[in-house]
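Hi there,

Here is the structure I promised to pass on to you. Have a look at it first, and then read my notes below.

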Amino acid sequence: MYKSNNVIKATAIALLLSGCATQSPTLSSGNVEYGDSKTVETLTNEFGSTDLQTIAESMASSLLQSPALFAKKRPLVTVAEVKNRTSEYIDTKSITDSIRSKIVKSGMVRFAVDTSAMQTQVDELTRQNQGGLYDKSKSKKMGKMAGADFRIEGTITSIVKRAGDVKDVYYKFSLQLVDIESGTMEWADEKEIRKTSNKSMF
Amino acid sequence: MPPFKLIPLAIALSLLTACASHKPPPRPGSVNAKVEQLSEMSYLQVTDLRAVKRNHLLTVQAEINNTDSDNQQLYYRFKWLDASGFTVGGEEAWKPVLVYAYQKQTVTAVAPSPLVTDFRMVVQSPDNTGQLP
């Protein structure tokens, strides 16, 4: 009697828990699932997605408030190198790409082709102007590229310390905006990140 | 009735009543109208929010108060809205902030575009009541 009562209660609870469930449009082995790309990732204390995203957001918002950029109407900016002076591999191009995307989306700044994309730009212009494949009146002319007003450059450094089971990592990302014509630094900012891990079980 | 027999009944009742707690919506213009808490935070409160347009961009400053004697972790991000209420600039990354015991921590954010006219601050603390704010 007691047993059948418990079965009924368990069934009722299971029905309550699954009553609203519907089939998801997925085909899965059960071992893979999509997560939130914006989540705070603390799997290890090496440079991670949260660090990249917070640096990009912080730098982009700070740069957009720079009086030098605000003084000119949609100034032309190019991205130079961000030097990695940490002890680990960090794709600094990925950081500057994120910063650039955020700034471009604001509509307040335009970006000139940077050195890494210059060869592609030259190849395209050459293809349009040489070889006779294109209508001359519709091909883009050589010698019309616009020079950037400002250059963005920076560094990322780290200090790593270990004491017993504790590892402390401090990152500093520095970025600066340089007026190309005058060579003056018009804006600079830093983003600091501290991450500490402890291997101890207690 | 033996006490262990009441356990399934209590679970069933709690499941039925879990979604039943509704609070009145916050007053327009109040801090709570701009703050979205993913469950009510036990020790952290957004005590002040101010927004101003600088260089065409909405700049927001929030003050978070820790009422506890222990340090508290806060995760936050902003949602930026245009005049029609559409989100601008995509989703922001969640940002972690450590708020020391009894500290009033200030966080600032700048809108990603001049189109932004409104915002929501989304906050979550691991130490929460599990209830709707």
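Of the 133 residues in chain B, 20% count as buried. Please keep in mind as you read that this is a predicted model. Chain B contains 2 helices and 7 strands, and from the N terminus on the elements run α-α-β-β-β-β-β-β-β. As for contacts in chain B with a separation of 6 or more, 69% of them are between residues 24 or more positions apart.

Let me start with a sheet in chain B. It is an open sheet of 3 strands in the order 2-3-6, and the pairing is antiparallel. Strand 2 (44-54) and strand 6 (104-110) of chain B are the edge strands, each pairing on one side only. From one strand to the next, the twist averages 15°. As background, strands of a sheet pair through backbone hydrogen bonds, either parallel or antiparallel. Strand 3 (residues 57-66) of chain B pairs with strand 6 of chain B over 7 bridges, in the antiparallel sense. If you would like a particular pair to display, Ala62(B) has Val107(B), in strand 6 of chain B, as its bridge partner.

Val60(B) is a good place to zoom in, and this residue is found in strand 3 of chain B. Is Val60(B) buried or partly exposed? A residue needs 20 or more other C-beta atoms within 10 Å to be buried, and Val60(B) has 19 C-beta neighbours inside 10 Å, so it counts as partly exposed. Which residues does Val60(B) touch, leaving aside its neighbours within four places in sequence? The contacts are Leu49(B), Ala51(B), Phe78(B), Thr108(B), Ala109(B) and Phe119(B). Val60(B) and Arg50(B) are 5.7 Å apart in space, C-alpha to C-alpha, with their positions 10 residues apart in sequence.

Two loop residues of chain B may interest you for their backbone angles. Most residues other than glycine have a negative phi, and most peptide bonds are trans. Ser39(B) is not a glycine, although its phi is positive at about 85°. Ser39(B) sits in the loop between strand 1 (35-37) and strand 2 of chain B. With 15 other C-beta atoms within 10 Å, Ser39(B) is partly exposed. His56(B), also not a glycine, has a positive phi of about 70°. The loop between strand 2 and strand 3 of chain B is where His56(B) is found. His56(B) is partly exposed, with 16 other C-beta atoms within 10 Å.

On to chain A, which has 5 helices and 5 strands. Read along the sequence, the pattern of chain A is α-α-α-β-α-β-α-β-β-β. Why is chain A described as more spread out than a compact globule? Its radius of gyration is 27 Å, and the globule rule gives 17 Å for 202 residues, so the value for chain A is well over what the rule gives. Along its principal axes, the C-alpha trace of chain A spans about 95 × 55 × 35 Å. Buried residues make up 20% of the 202 residues of chain A. Among the contacts in chain A with a separation of 6 or more, 66% involve residues 24 or more positions apart.

One helix of chain A is worth a closer look. Helix 5 (residues 118-129) of chain A has 12 residues and reaches 17 Å from its first C-alpha to its last, close to the 16 Å expected at 1.5 Å a residue. How many of the 12 residues of helix 5 of chain A are buried? The count is 0, and the helix is hardly covered. Gly131(A) follows helix 5 of chain A and has a positive phi, near 100°.

Finally, the two chains meet. In chain B, 19 residues are in contact with 19 residues of chain A. Helix 1 (6-17), strand 5 (95-99) and strand 6 of chain B each supply at least two residues of the side of chain B that touches chain A. Which of the elements of chain B gives the most to that side? Helix 1 of chain B does, with 4 residues. By class, the side of chain B that touches chain A has 12 nonpolar, 3 polar and 4 charged residues. Strand 6 of chain B therefore turns up twice in these notes, as an edge strand of the sheet and as a supplier of residues to the side that touches chain A.

Best wishes

Notes
Residues numbered from 1 in each chain as written. Chains lettered and ligands numbered in written order. Predicted model: local features only at pLDDT ≥ 70, side-chain atom pairs only at ≥ 80, totals over all residues. Rg over C-alpha atoms; globule rule 2.2 N^0.38 Å. Contact = placed C-beta atoms within 7 Å. Expected span 1.5 Å × (residues − 1). Pairing = 2+ DSSP bridges. Axes fitted to C-alpha atoms, helices over the stretch in contact; angles between N-to-C directions. Nonpolar A, V, L, I, M, F, W, Y, C, P; charged D, E, K, R; others polar.
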